[in-house]
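Work through the exercises below with the sequence and coordinates open. Each task is followed by a solution in steps.

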Amino acid sequence: LRLPSWHERLNAEAFEASLPALDAAESGALRPCHLLAPGTDSGDATGAHAAGALSRYNAHRSGFIFSNGDLLDLHGSSEEAPSEFRRQMEQFFEAACGLAE
């Protein structure tokens with residue numbers, strides 16, 4: 001699948017925006033309300049996880065789960081003032097869903 005250049009840039013920007021949060025998940029510095037608890041059903045969850053969390057699939061990687069239609073806002077305080085992270089994730093999510101359609 002060949003992506004348009006705008007989509008490639010969007011992917012790169014979203015991954016760049018997520019690196020500090022993934023590092024925070026690994027180091028335990030992420031706010032507890034954003035960290036998924038061990039045993040969480042990832043089919044209906046939103047949050048971040050460190051490597052080794054939730055399943056064998058995640059044994060060697062940290063990540064985000066946005067499977068219940070929600071997006072986390074790691075740095076903002078409300079829907080009215082979303083952080084740059086949330087804006088990046090919203091754009092990334094919409095573009096990924098567009099590809100799937």
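## Exercise 1: salt bridges

Arg86 and Glu90 lie four residues apart in helix α2, a separation of about one helical turn. Helices (H or I, at least four residues) and strands (E, at least two) are DSSP runs, numbered from the N terminus. The model is predicted: local features need pLDDT of at least 70, side-chain atom pairs count only at pLDDT 80 or more, and totals for chains, interfaces and linings use all residues. Residues are numbered from 1 along each chain as its sequence is written, and side-chain values use heavy atoms, with hydrogens and water left out.

Task: find how many salt bridges the structure holds, and describe each.

Solution.
1. The criterion is a side-chain nitrogen of Lys or Arg within 4 Å of a carboxyl oxygen of Asp or Glu. Two salt bridges are found.
2. Arg86 pairs with Glu90, their closest N and O atoms being 3.1 Å apart. An α-helix has 3.6 residues a turn, so residues three or four places apart point the same way.
3. For accessibility, buried means under 20% relative accessible area, exposed over 50%, and partly exposed in between (1.4 Å probe, protein chains only). Arg86 is buried at 8%, while Glu90 is partly exposed at 30%.
4. Glu8 pairs with Arg2, with 3.1 Å between the closest N and O atoms. Glu8 is partly exposed at 35%, and Arg2 is exposed at 71%.

## Exercise 2: helix α1

Task: compare the span of α1 with its expected value, then locate its bend.

Solution.
1. The expected span is 1.5 Å times one less than the number of residues. For the 23 residues of α1 this gives 33 Å, and the end C-alpha atoms are 34 Å apart, which agrees.
2. The bend at a residue is the angle between axes fitted to the seven residues ending there and the seven starting there. In α1 there is a bend of about 35 degrees at Leu19, with a proline, Pro20, following within four residues.
3. Buried residues of α1 include His7, Leu10, Asn11, Ala14, Ser18 and Leu22.

## Exercise 3: pockets

Task: describe the largest pocket and the second largest pocket by volume and lining.

Solution.
1. On a 1 Å grid over the protein atoms alone, a pocket is an open set of points where a 1.4 Å probe fits, with protein on both sides within 12 Å along at least five of seven lines; lining residues have an atom within 4 Å of a point. Grid points are joined across faces, edges and corners, and the volume is the space filled by probe spheres set on the points.
2. The largest pocket has a volume of about 270 Å³. Its lining includes Ala14, Ser18, Leu22, Phe64, Met89 and Phe93. Elements giving two or more residues to this lining are α1 (5-27), β2 (63-66) and α2 (84-100).
3. Ala, Val, Leu, Ile, Met, Phe, Trp, Tyr, Cys and Pro count as nonpolar, Asp, Glu, Lys and Arg as charged, and the others, Gly among them, as polar. The largest pocket's lining has nine nonpolar, two polar and no charged residues.
4. The second largest pocket has a volume of about 160 Å³. Four nonpolar, six polar and one charged residue line it, and β2 gives the most, with three residues.
5. Leu54 is one of the residues lining the second largest pocket. Leu54 is in the loop between β1 (46-49) and β2, and has a positive phi of about 70 degrees although it is not a glycine.
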